[in-house]
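Let's work through a few exercises together, one small step at a time. Keep the picture open beside you as you read.

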Amino acid sequence: MLLKTLAQISILTMASTLVIGCGGSGGSNGNNSASDTKYNLSLISAEEGKTGVIGKTVYSINLKDDDGIAVYGEIPTLKPMMAMNAGYSHSSPHSGCTETNNAGNSDCTVYFIMASAMNGESMGTWTVDIELEDAETLSFNPDVTMPMNETVRVNLKGVDDKVGDTPRIYNIFNSSAIANNGNRTIELFISSKETGMSFPALATNTTLSEGTDDVLSVDSVEVLVSTDKDATTWTTASTTGKGVWTANIENYTDTFYVKLSVNSETKMSGEFDYATFKKSEGMMMGMAAK
Ligand SMILES: [Cu+2]
């Protein structure tokens, strides 16, 4: 099955190469898109583009015009894609790029869901494309690794809320700064999964799986955080409306818990109605040694 699919792709690639070849030899095609390029996208640090982590990864980019002058007020498009060695591709949740500022700078934020390698074995290749009309696409291949200090991602799943026959997946990413005392500001990014190519940020007044049998209009979202999974009162997180949720918690030691409900249905992690985020063994041992 896989071999057959790959063979078909090869034939398609050959066919499209031939078409391009014909057009090129004709020499009558006056549409040279390269000559229309007005803007130049670049990474502020080329080193930054070489790596990424599971969870929040920010790439800082810069936009200039052909005269080398910073361009402000433009919002580039962010497209992360992983070509799996297994023969298929998938995207990753992201919150896009900010508007370029007076210096032409913009932050593009990806929440990677998969490492480039696991147990020393390559899983595939990530490509991050940053696009803007009238600019050549900025493309780079970060090596994505798993941070080892704390849980960074937990999936909670719908019950009656499904995509096809399977429970709808909600990715909860923890991008909080590590706390050294009992007070901690928790920052979460929550996205849902429509397909392997589409992970929209979770926010009220949005529609998931639009145009399908699984369409879900998101009328209410509640995100609760606690350091005690048996607590009767949890802290309600607040949102900026773009999938980012924050909450301040007290009495934090090494673990916090997150509950999520969408349209009053509580999302589940197996039999549990909460997600668990805890420091890794290595980090707890390291801290105890100090
Ligand atoms: Cu992958």
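**Exercise 1. Find where Asp213 sits, and decide whether it is buried or exposed.**

Step 1: look in the loop between strand S16 (206-208) and strand S17 (216-218), which is the place of Asp213. Strands here are DSSP runs of E with at least two residues, helices are runs of H or I with at least four, and both are numbered from the N terminus.

Step 2: count neighbours. A residue is buried if 20 or more other C-beta atoms lie within 10 Å of its own, exposed if 12 or fewer, and partly exposed in between, with C-beta atoms placed from the backbone. Asp213 counts as exposed because it has 8 C-beta neighbours inside 10 Å.

Step 3: check the distance to Lys162. Asp213 and Lys162 are 51 residues apart in sequence, yet 9.9 Å apart in space, C-alpha to C-alpha.

Before going on, a word about what you're looking at. This is a predicted model, where local features need pLDDT of at least 70, side-chain atom pairs count only at pLDDT 80 or more, and totals for chains, interfaces and linings use all residues. Residues are numbered from 1 along each chain as its sequence is written.

**Exercise 2. Work out how confident the predictor is, and where its confidence drops.**

Step 1: start with the average. pLDDT is the predictor's confidence in each residue, from 0 to 100; its mean for the protein is 87, and 84% of the residues reach 70 or more.

Step 2: go to the start of the chain. Residues 1-33 have pLDDT below 50, and beyond near neighbours in sequence this stretch has four contacts in the model. Two residues are in contact if their C-beta atoms, placed from the backbone, lie within 7 Å.

Step 3: now try residues 286-290. pLDDT stays under 50 there too, and the model has zero contacts for them beyond four places in sequence.

**Exercise 3. Do the same for Thr204: where does it lie, and which residues does it touch?**

Step 1: find Thr204 in the loop between strand S15 (residues 184-192) and S16.

Step 2: with 13 other C-beta atoms within 10 Å, Thr204 is partly exposed.

Step 3: leave aside neighbours within four places in sequence, and Thr204 is in contact with Val218, Asp219, Ser220 and Val221. Val221 is 17 residues from Thr204 along the chain, and their C-alpha atoms are separated by 6.3 Å.

**Exercise 4. Trace the five-stranded open sheet and say which strands stand at its edges.**

Step 1: read off the order, which is S13-S14-S15-S21-S20, with antiparallel pairing. Two strands pair if DSSP finds at least two bridges between them.

Step 2: find the edges. S13 and strand S20 (238-239) each have a single partner strand, so one side of each is left without a neighbour in the sheet.

Step 3: follow S13 (residues 153-163) into S14 (residues 166-174), which are joined by seven bridges. They form a hairpin with two residues between them, and Gly164 in the turn has a positive phi of about 65 degrees. Along this pair, Val154 has Ile172 as its bridge partner, and Leu156 stands opposite Tyr170.

Step 4: carry on to S15, which pairs with S14 over five bridges. Here Asn174 stands opposite Leu188.

**Exercise 5. Which residues touch the most other members of the largest nonpolar core?**

Step 1: a nonpolar core is a set of buried Ala, Val, Leu, Ile, Met, Phe, Trp, Tyr and Cys residues joined through C-beta atoms within 7 Å. The largest one has 46 residues, and Ile172, Leu188, Ile190 and Val258 touch the most other members.

Step 2: ask what supplies it. Strand S22 (residues 255-262) gives the most, with five residues. At least three residues come from each of domain 1 (26-145) and domain 2 (153-289), bounds that come from an automatic or database domain assignment.

Step 3: zoom in on Ile172. Not counting residues up to four places away in sequence, its contacts include Leu188, Ile190, Val258 and Leu260.

Step 4: finish at Leu260 in S22, which stands opposite Val223. Strand S18 (residues 221-226) and S22 pair in the antiparallel sense over six bridges.
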